[in-house]
Amino acid sequence: MGWPYRKLVRPVLFKQDAERAHNFALTSLALASRDEFICNAIGKLFSAPELPVEVFGLKFPNPLGLAAGMDKHAVAVPAWEKLGFGFSELGGVTWHAQPGNPAPRMFRAVADEAIVNRMGFNNPGAEVLAQQLSEWKNLGRWPGHPVGINLGKSKITPLEKAAADYANSFRALRELADFFVVNVSSPNTPNLRQLQDKSALDEIFAAIQALNQNQKPILVKVAPDLSFEALDEILELVAPRSIAGIVATNTTIVRPQSNDSAIQKIYSETGGLSGKPLRQRSTEIIRHLHKQTKGRVPIIGVGGIFDADDAWEKITAGASLLQIYTSLVYEGPGITREIVAGLVQRLEITGMKHLRDAVGSAN
Ligand SMILES: Cc1cc2nc3c(=O)[nH]c(=O)nc-3n(C[C@H](O)[C@H](O)[C@H](O)COP(=O)(O)O)c2cc1C
């Protein structure tokens, strides 16, 4: 699908505003998700090879997942597995329903294969999301792969009350997913990233774990713009708060240099940057986290993965699982099979038996 997507589908999608194209693709997948026959046909076209991994007590058919933000309303839950993903992270969801920032709020920097977004957690709220997820379960359309939920803070909730806001969402959703990600790293909710501060994060994890009693893995998602010292402070919470893993990373507020005026215009937009320009910084963060924890804390590596080389780079830097968002937009749905097949091939070439043998092997 790589070539037909790039030459035929992408030009049509990219003629439209980025959010409109996103909504069109999601609506198509939502419709397909309701039809078992179509879903199975998608599975035949796009399924990825098996590359099973076990991380934080969950079994994944392959290590490549869908990153948060793509399916905030959980409208295409069955489709992600059929598109070859080894897991999916739904949301971000907040306790209160909210419209997000005014449009336009998603921009493509095509020459750099990047996206700038300031969506601002547009989502239907945790209780409506819970109903949607229950519906998929009742319809018997729940996927066979692990499903995670990305939890954000409602914009109207002040920072001092953030812990209760996250805990409320968790309470509403805890029976409906396999793992949860505490997102304190989106640049698009005012002051949210202050919650990456150790004491604030400690409060959030205390409130969630009081409800969870270590039943479900709870991870934290970090910004690529944190210093290594700030990351080390977060790591101090891993043992006391039983943090199951770290998702590294969210989008960046940093912009690369560009001489291209069209790109400069996009980069002048407020928001988080994802895609190719994020790759290197995200890998640096993964490498640091893996070294500091001596590989004892599972890392989900995300940021600028476009092919099997990028995926292998993240794994050998210390990621046990991977996620993509922006490359799905630029490369189309064939990318999952391509990346997973490439990983299988690399394992064969290096003579490693399991993917876990490769995790952090370049450090
Ligand atoms: C339009 C858009 C919306 C996003 N929404 C969320 C979100 O709600 N929660 C979150 O943790 N990350 C969100 N992200 C960040 C992605 O999950 C991912 O961390 C980031 O895009 C880097 O991966 P990539 O380079 O493969 O896109 C969003 C990204 C984009 C492009």
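1. Is Phe-179 buried or exposed? At a relative accessibility of 0%, Phe-179 counts as buried, and this residue is a convenient place to begin reading the structure. The model is a predicted one, and the points below should be read with that in mind.

2. Phe-179 belongs to one aromatic cluster, together with Phe-56, Phe-60 and Phe-87. A pair of aromatic rings is described by how far apart the centres are and by the angle of the planes. The structure as a whole has a count of eight aromatic pairs. In the pair of Phe-56 and Phe-60, the ring centres are 6.0 Å apart and the planes stand at 85°, an angle over 60 degrees, so this pair is edge-to-face. Phe-56 is buried with a relative accessible area of 17%, and Phe-60 is buried as well, with a value of 1%.

3. Phe-56 also pairs with Phe-179, with 5.8 Å between the ring centres and an angle of 50° between the planes, so this second pair is tilted. Phe-56 sits in the loop between strand S1 (53-55) and strand S2 (58-60), while Phe-179 is part of strand S8 (residues 179-183), so the pair ties together parts of the protein that are 123 residues apart in sequence.

4. Aromatic rings also appear here beneath charged side chains. The charged end of Arg-108 is placed over the ring of Phe-14, at 4.2 Å from the ring centre. In another case, Lys-137 lies over the face of Trp-142, and here the distance to the ring centre is 4.4 Å.

5. The count of salt bridges comes to 11. One of them joins the side chains of Glu-135 and Arg-34, with 2.9 Å from N to O. Glu-135 belongs to helix H5 (residues 126-138), whereas Arg-34 is found in the loop between helix H2 (18-33) and helix H3 (36-46), so this salt bridge ties together parts that are 101 residues apart in sequence. Both ends are partly exposed, Glu-135 with a relative accessible area of 34% and Arg-34 with one of 46%.

6. A further salt bridge is formed by Lys-276 and Glu-113, whose closest N and O atoms are 2.9 Å apart. Lys-276 lies in the loop between strand S11 (272-275) and helix H10 (279-292), and Glu-113 in the loop between strand S5 (106-109) and strand S6 (114-117), so the contact ties together parts that are 163 residues apart in sequence. Lys-276 is partly exposed, its relative accessible area being 37%.

7. Within helix H10 there is a salt bridge between Arg-281 and Glu-284, at 3.1 Å from N to O. These residues are three apart in the helix, about one turn. Arg-281 is partly exposed, with a relative accessible area of 28%, and Glu-284 is likewise partly exposed, with 33%.

8. Strands S5, S6 and S11 form an open sheet of three strands in the order S5-S6-S11, and the pairing is antiparallel. S5 and S11 are at the edges and have a single partner strand each, so one side of each is left without a neighbour in the sheet. On average, and with direction ignored, neighbouring strands of this sheet are turned by 25° against each other. Strands of a sheet pair through backbone hydrogen bonds, and the pairing can be parallel or antiparallel.

9. How many bridges pair S5 and S6 in the antiparallel sense? There are four bridges between S5 and S6, and Met-106 stands opposite Asn-117 in S6. The two strands form a hairpin with four residues between them, and in the turn Glu-113 has a positive phi of about 50°. Glu-113 is also the residue that forms the salt bridge with Lys-276.

10. In a regular strand the side chains alternate between the two faces of the sheet. In S5, Met-106 and Arg-108 point one way, and Phe-107 and Ala-109 point the other way, and all of these are buried. Arg-108 thus returns here as a buried residue of S5, having already been described with its charged end over the ring of Phe-14.

Methods: Residues numbered from 1 in each chain as written. Predicted model: local features only at pLDDT ≥ 70, side-chain atom pairs only at ≥ 80, totals over all residues. Heavy atoms only, no water. Phe/Tyr/Trp six-rings, centres within 6.5 Å; stacked < 30°, edge-to-face > 60°. Buried < 20%, exposed > 50% of the residue type's maximum accessible area, 1.4 Å probe, protein only. Lys NZ or Arg CZ within 6 Å of the ring centre and 35° of its normal. Salt bridge = Lys/Arg side-chain N within 4 Å of Asp/Glu carboxyl O. Pairing = 2+ DSSP bridges. Axes fitted to C-alpha atoms, helices over the stretch in contact; angles between N-to-C directions.
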